[in-house]
Amino acid sequence: MTQMTLIAATATDLPEPAQNRHLIGGRWQDSADGTVFERVSPSHGVVVSRSAKGSEAETEAAIAAARAAFDDGRWSRISGKARAAVLLKVADLIEANVERFALIETLESGKPITQARGEVGGAADLWRYAAALARTTHGDSHNTLGDDILGVVVKEPIGVVSVITPWNFPFWILSQKLPFALAAGCTCVVKPSEMTPSTTAMLGELLIKAGLPDGVVNIVLGYGNPVGSLMSSHPDVDMVTFTGSTAVGKLISRTASETLKKVALELGGKNPQVIFPDADLEQAADAVTFGIYFNVGQCCNSGSRIIVHDDIADAFVARVVELSRQVAFGDPLNPATQVGAIVTREHNAKIDGYVRAAVAAGAEVVLGGGTLEVPGLGHQFYQPTVVRGVTPDMAIAREEVFGPVLSVLTFRTLDEAIALTNDASYGLSAGIWSENVHTCLGFARRAQAGTVWTNTWMDGFPEVAFGGMKQSGQGREIGRYGFDEFLEVKSVVMRIGRTRAPWVKSP
Ligand code: NAD
């Protein structure tokens, strides 16, 4: 095994498995056929939740409840102030429940407990920001169309929204979508990943406590088929907002096109950080280490490839390797742990497959490169891994590995760095490290990515839109642009006075 910092199993009494049910029309329900599915913790190997397994019947019922709630105006036609009051209460309740939510999120996903706390606690701010948007939604007015005309462009909620989320940041991604849809006045049907259903179901309790009217948010637990696919095809759904893999995103886009519903997609990424010799290399090495190991590398924004200037490549990679050895891998329940378990055994094997294929194609593993056994917890972990000699044609340079595996490419000129950056089907995020503002801004303008970071990595704010270019997605999330996705635009043109000339010429 590679020399590294390892945190063995910490003696802990695990809680009883969470029991999750659907929330439909304000009522908690089991599935009509009584079926359930279980989640086995990737780190601890025991069942940590049991959830009702949704079928078409529950999905139909949830969509009908959301449709009725939207159409009768119990949420869509109340004031922004009233909507904001509920969202603010939800934010307070999230903060009061961070520990409970973070524990189950760690057990279901394998992420370190400190990162789960950060995710859940941090999400409260998304709800508060959305509350502010609820009160400040406005359109446009046109008062220069002539003395007798006033044109007003108003914004309205788009309607019933299907919210489909992945397993890697279950609560954060839900909170990037749901409060914004609610702030707009939409009603929702939510489906969390089958691997991490609990925090979404638990949020249902908080929504009820906060006074959200019945039927405004409905939660169906279960799998992509049939739940997610029916949520994407149903004629009573007006929009689908999805975060997940590019393959499923394309499927949803095709399905939704049958009824021309709006689709917003947040998909994968193969995000580069470019490092110039004049950068603060210590800061850059730390950010590269953070970018690849945060959330076990299972992160759409993972900085999974670095493009380093030839002159500094040896020293820079050596420093990243040194830092990687200091990152604490192991028991996600131990607050000292920075990197936890891989979500499934199959995914662990897939990560390893990318590394082996790269080696077979001529790349060199300078650190790690294999699964990892954490004493007392088993093998569903992967070593911190750095791969050099990667060429742009290798799968490890082009595809999402979604694990703690860093690919190193090199460059000599800014043009070359930009060409390598843009040589990808993805375009989610990109970063540049240089003390030269011309280099940074030149890169920022030409990088094909929804977010460009200069001299930082993965800094995000509710105010700043997030999303991808190319096959990383469609539409934007959070910020004003993300909020606009949930709004329809309607133009109202009004004549003032009896000035309209008749069209029909009377004899
Ligand atoms: P996934 O696509 O397998 O699943 C995502 C969700 O879609 C789950 O709830 C799943 O049950 C559901 N689903 C599956 N098949 C479906 C279908 N046919 N119709 C409707 N819904 C269906 O993704 P995942 O493995 O859960 O998550 C990892 C992926 O998510 C990675 O590719 C990652 O990059 C991406 N991701 C993107 C962002 C972003 O903001 N761009 C953020 C986080 C994760």
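Buried area is the accessible area, taken with a 1.4 Å probe, that two parts lose on being put together, summed over both. In this predicted model, the two parts in question are domain 1, which spans 12–267 + 472–491, and domain 2, which spans 272–454. Between domain 1 and domain 2 about 2,100 Å² is buried, and carbon and sulfur atoms give 62% of that area. The centres of the two domains, taken over C-alpha atoms, are separated by 31 Å, while the contact draws 24 residues from domain 1 and 27 residues from domain 2.

On the side of domain 1, the residues that lose the most area to domain 2 are Q115, W167 and S472, which together account for 24% of what that side buries.

As for polar interactions, the rule finds zero salt bridges across the interface of domain 1 and domain 2, whereas 10 residue pairs are in polar contact between the domains, counting pairs with both residues at pLDDT 80 or more. The elements that give two or more residues to the side of domain 1 touching domain 2 are α3 (98–109) and α4 (113–136), and of these α3 gives the most, with four residues.

The side of domain 1 that touches domain 2 divides by residue class as follows.

| Class | Residues on the domain 1 side |
|---|---|
| Nonpolar | 10 residues |
| Polar | 11 residues |
| Charged | three residues |

Thus the domain 1 side includes three charged residues, and the interface as a whole has zero salt bridges by the rule.

Conventions:
Residues numbered from 1 in each chain as written. Predicted model: local features only at pLDDT ≥ 70, side-chain atom pairs only at ≥ 80, totals over all residues. Heavy atoms only, no water. Domains from an automatic or database assignment. Contact = heavy atoms within 4.5 Å. Salt bridge = Lys/Arg side-chain N within 4 Å of Asp/Glu carboxyl O. Polar contact = N/O pair within 3.5 Å; in protein donor to acceptor, adjacent residues only side chain to side chain. Nonpolar A, V, L, I, M, F, W, Y, C, P; charged D, E, K, R; others polar.
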